[in-house]
Amino acid sequence: MKTAKDYLDEANAVVKKIDIKEAMEKHKSQSAVFIDVRDSSDIAKTGSIADSLKIQRGLIEFVADEATGLYNDALKKDAEIILVCGAGGQAALTGKTLIDMGYTNVSNVGAIGDWEKNGGPMSK
């Protein structure tokens, strides 16, 4: 039987962690797709990365699958995708799901609070 820690360990083993400063450069150059995977009530409280997609972790399989009516065409299998959440765990788990679905360039920037604290662009 797996625990939450087991799932997080597996996700962190396959989803690369990206440095916030490097992620901010990618955001500035618009060379990556940023996704906030928190639920809408959390995003409403804190805001999110400017111009990021807001896709709850529980919907990612549907939004990332071209065969569903919820597919978002910004999500290309070879696009650079950078995920953020409240603390980093949900982003890691979402990243593993995307990798399992065939996405090839997925990373986790971690916590939205760290992004904001380091001067990352926000939308409130």
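Helices (H or I, at least four residues) and strands (E, at least two) are DSSP runs, numbered from the N terminus. The model shown in these views is predicted.

**View 1. The open sheet and its strand order.**
The predicted model contains an open sheet of 5 strands, arranged in the order β1-β6-β5-β2-β4 with parallel pairing. The edge positions belong to β1 and β4; each has a single partner strand, so one side of each is left without a neighbour in the sheet. Between β1 (residues 16-17) and β6 the pairing is parallel and consists of 2 bridges. Within this pairing, K16 of β1 has S107 of β6 as its bridge partner.

**View 2. Strand β5 between β2 and β6.**
On one side in the sheet order, β5 (residues 81-85) is paired in the parallel sense with β2 (residues 33-36) through 4 bridges. Bridge partners here include I35 and L83, and D36 lies opposite V84. On the β6 side (residues 106-111), 5 bridges connect the two strands, again in parallel. I81 of β5 is the bridge partner of V106, while C85 is that of A111. From β5 the chain passes through helix α5 (residues 89-100) into β6, and the resulting β-α-β crossover is right-handed.

**View 3. Burial of strands β5 and β6.**
In a regular strand, side chains alternate between the two faces of the sheet. In β5, both faces are covered: I81, L83 and C85 are buried on one side, and I82 and V84 are buried on the other. Since 5 of the 5 residues of β5 are buried, the strand is largely enclosed by the rest of the structure. Strand β6 is likewise largely enclosed by the rest of the structure, because 6 of its 6 residues are buried.

**View 4. Surroundings of T94 in helix α5.**
T94 belongs to helix α5, the helix through which the chain crosses from β5 to β6. Which residues does T94 contact, leaving aside its neighbours within four places in sequence? These are V37, R57, I60 and L83. Of these contacts, L83 comes from β5, where it is one of the buried residues and the bridge partner of I35. T94 has a relative accessible area of 0%, and because burial is set at under 20%, T94 counts as buried.

**View 5. A nonpolar surface patch at L59, F62 and L70.**
Three residues, L59, F62 and L70, make up a nonpolar patch on the surface, and their combined accessible area is about 280 Å². Within the patch, L59 occupies the loop that links β4 (53-54) and α4 (60-63). The relative accessibility of L59 is 38%, so L59 is classed as partly exposed, a class that lies between the limits of 20% and 50%.

**View 6. Loop residues Q30 and D51 with positive phi.**
Most residues other than glycine have a negative phi. Q30, a residue other than glycine, has a positive phi near 55 degrees. Q30 sits in the loop between α2 (20-28) and β2. Is Q30 buried or exposed? With a relative accessible area of 68%, Q30 is exposed. D51, also a residue other than glycine, has a positive phi near 65 degrees. The location of D51 is the loop between β3 (48-49) and β4. Its relative accessibility is 72%, so D51 counts as exposed; the limit for this class is over 50%.

**View 7. Helix α1 and the separation of D6 from E22.**
D6 is placed in helix α1 (residues 4-14). The relative accessible area of D6 is 30%, so this residue is partly exposed. How far apart in space, C-alpha to C-alpha, are D6 and E22? The C-alpha to C-alpha distance is 28 Å, and in sequence the two residues are 16 residues apart.

Definitions and conventions
Residues are numbered from 1 along each chain as its sequence is written. This is a predicted model: local features need pLDDT of at least 70, side-chain atom pairs count only at pLDDT 80 or more; totals for chains, interfaces and linings use all residues. Side-chain values use heavy atoms; hydrogens and water are left out. Buried means under 20% relative accessible area, exposed over 50%, partly exposed in between (1.4 Å probe, protein chains only). Two strands pair if DSSP finds at least two bridges between them. A crossover is right-handed if, with the strands pointing away from the viewer, the path from the first strand over the helix to the second runs clockwise. Patches are made of residues with over 30% relative accessible area and no salt bridge: like charges are joined within 9 Å, nonpolar side chains (Val, Leu, Ile, Met, Phe, Trp, Tyr) within 5 Å. Accessible areas come from the Shrake-Rupley method with a 1.4 Å probe; for residues, only the protein chains shown count as cover. A salt bridge is a side-chain nitrogen of Lys or Arg within 4 Å of a carboxyl oxygen of Asp or Glu. Contact means heavy atoms within 4.5 Å.
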